[in-house]
Amino acid sequence: IEMSENKDFIIQIKGLQIGKHNYEFPIDGAFFGSFENSLILDADLQADVVLEKGSGWMNVSADITGDVTVECDRCLEELEMPVDLDILLSVKFGDAESSDETQEGEREVIFLPVDNTELDMKQVVYDYVCLSLPLQRVHEEGECNPDALKYLEEQEVKEVSEAADKNPFAALKGMFE
């Protein structure tokens, strides 16, 4: 296993022997901070990457596990979420085919120029981790910041009373009592 300390997630493929090659990439908050508008505040992830090189093709599989810290959608406090995902890629050399077929069975297909000397995994890792998170990111019931919840309840009561004030039929409310 080649423990990769390079934080840029680049695998040198020029001169790589045919066969399987293992890489480990630690993923931290700085990784996600390097992307503009990232919703992930911090991370403690490990990416175990296996690159299988053949003659004119490569298959890449990555297992990413650990935790990321995001903002709770309800109370805006930090929320730690587990990540456990598998990525399967096929790398082909040359231009993308005219059929624009980007799936090959269970694997996503990436096209690299023939003269490319490296495989950059950074965007792939970022995209897959972000897509693995649920759309709603909230604490379990009862774990949100109580002050934030109290404020939200006050705002909801205010909105309901303002909506009642704007009701054109509010003047008729007591007419039939």
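## Overall layout

Helices (H or I, at least four residues) and strands (E, at least two) are DSSP runs here, counted from the N terminus. With that in hand, L76 is easy to place: this leucine lies in the loop between β5 and β6. One thing to keep in mind throughout is that this is a predicted model.

The chain has 3 helices and 9 strands. Reading from the N terminus, the order of elements is β-β-β-α-β-β-β-β-β-β-α-α. There are 177 residues, and 32% of them are buried. About 11800 Å² of the chain is exposed, with carbon and sulfur atoms supplying 49% of that area. If you take the contacts with a separation of 6 or more, 52% of them link residues 24 or more positions apart.

## The nonpolar core

The largest nonpolar core holds 42 residues, and I64 and V68 have the most contacts inside it. At least two residues come from each of β3, α1, β4, β5, β6, β8 and α2. The largest share belongs to β6, which puts in 7 residues.

I64 gives a good view of who meets whom. Beyond its neighbours within four places in sequence, I64 is in contact with I27, L45, Q46, A47, V83, D84, L85, I87, V125 and V129. Two of those partners, V125 and V129, are also among the buried residues of helix α2.

## Helix α2 against the strands

Helix α2 covers residues 122–132, and its buried residues are V124, V125, Y126 and V129. An α-helix has 3.6 residues a turn, so residues three or four places apart point the same way. The buried residues of α2 pack against a list of elements: β3 (19–28), α1 (29–33), β4 (40–53), β5 (57–71), β6 (78–93) and β8 (107–112).

C130 also falls within the 122–132 range of α2. Its relative accessible area is 25%, so C130 counts as partly exposed.

## Two residues of strand β5

D63 and T69 are both worth a click. D63 is found in strand β5, and it counts as partly exposed because its relative accessibility is 29%. Leaving out residues up to four places away in sequence, D63 touches Q46, A47, D48, D84, L85 and D86. The C-alpha atoms of D63 and Q46 are 8.0 Å apart, with the two positions 17 residues apart in sequence numbering.

T69 is found in β5 too. At 12% relative accessibility, T69 is under the 20% cut-off and therefore buried. Apart from neighbours within four places, T69 is in contact with L39, I40, L41, D42, E78, L79 and E80.

## Cysteines

How many disulfides does the structure hold? The count is 0. C75 is in no disulfide, and the nearest cysteine sulfur, which belongs to C144, sits 3.8 Å away. That pair misses out because a disulfide here needs the sulfur atoms within 2.5 Å. As for its surroundings, C75 has a relative accessible area of 6%, so it is buried.

## Loops and backbone

Two non-glycine residues have a positive phi. For N37 the angle is near 60 degrees, and the residue is found in the loop between α1 and β4. N37 is exposed because its relative accessible area is 67%. For L76 phi is near 70 degrees. L76 has a relative accessible area of 56%, so this leucine is exposed as well.

P113 lies in the loop between β8 and β9 (118–120). Its relative accessibility is 43%, so P113 counts as partly exposed. Not counting residues up to four places away in sequence, P113 touches F93 and G94. P113 and G94 are 19 residues apart along the chain, while 4.9 Å separates their C-alpha atoms.

## A nonpolar surface patch

Which residues form a nonpolar patch on the surface? They are F169, L172, M175 and F176, with about 530 Å² of accessible area together. M175 lies in the segment after α3 (146–165). With 55% relative accessibility, M175 is over the 50% cut-off and so counts as exposed.

Technical notes. Residues numbered from 1 in each chain as written. Predicted model: local features only at pLDDT ≥ 70, side-chain atom pairs only at ≥ 80, totals over all residues. Heavy atoms only, no water. Buried < 20%, exposed > 50% of the residue type's maximum accessible area, 1.4 Å probe, protein only. Contact = heavy atoms within 4.5 Å. Core = buried A, V, L, I, M, F, W, Y, C linked by side-chain atoms within 4.5 Å. Patch = residues over 30% accessible without salt bridge, like charges linked within 9 Å, V, L, I, M, F, W, Y side chains within 5 Å. Areas by Shrake-Rupley, 256 points an atom, 1.4 Å probe, with all protein chains shown as cover. Salt bridge = Lys/Arg side-chain N within 4 Å of Asp/Glu carboxyl O.
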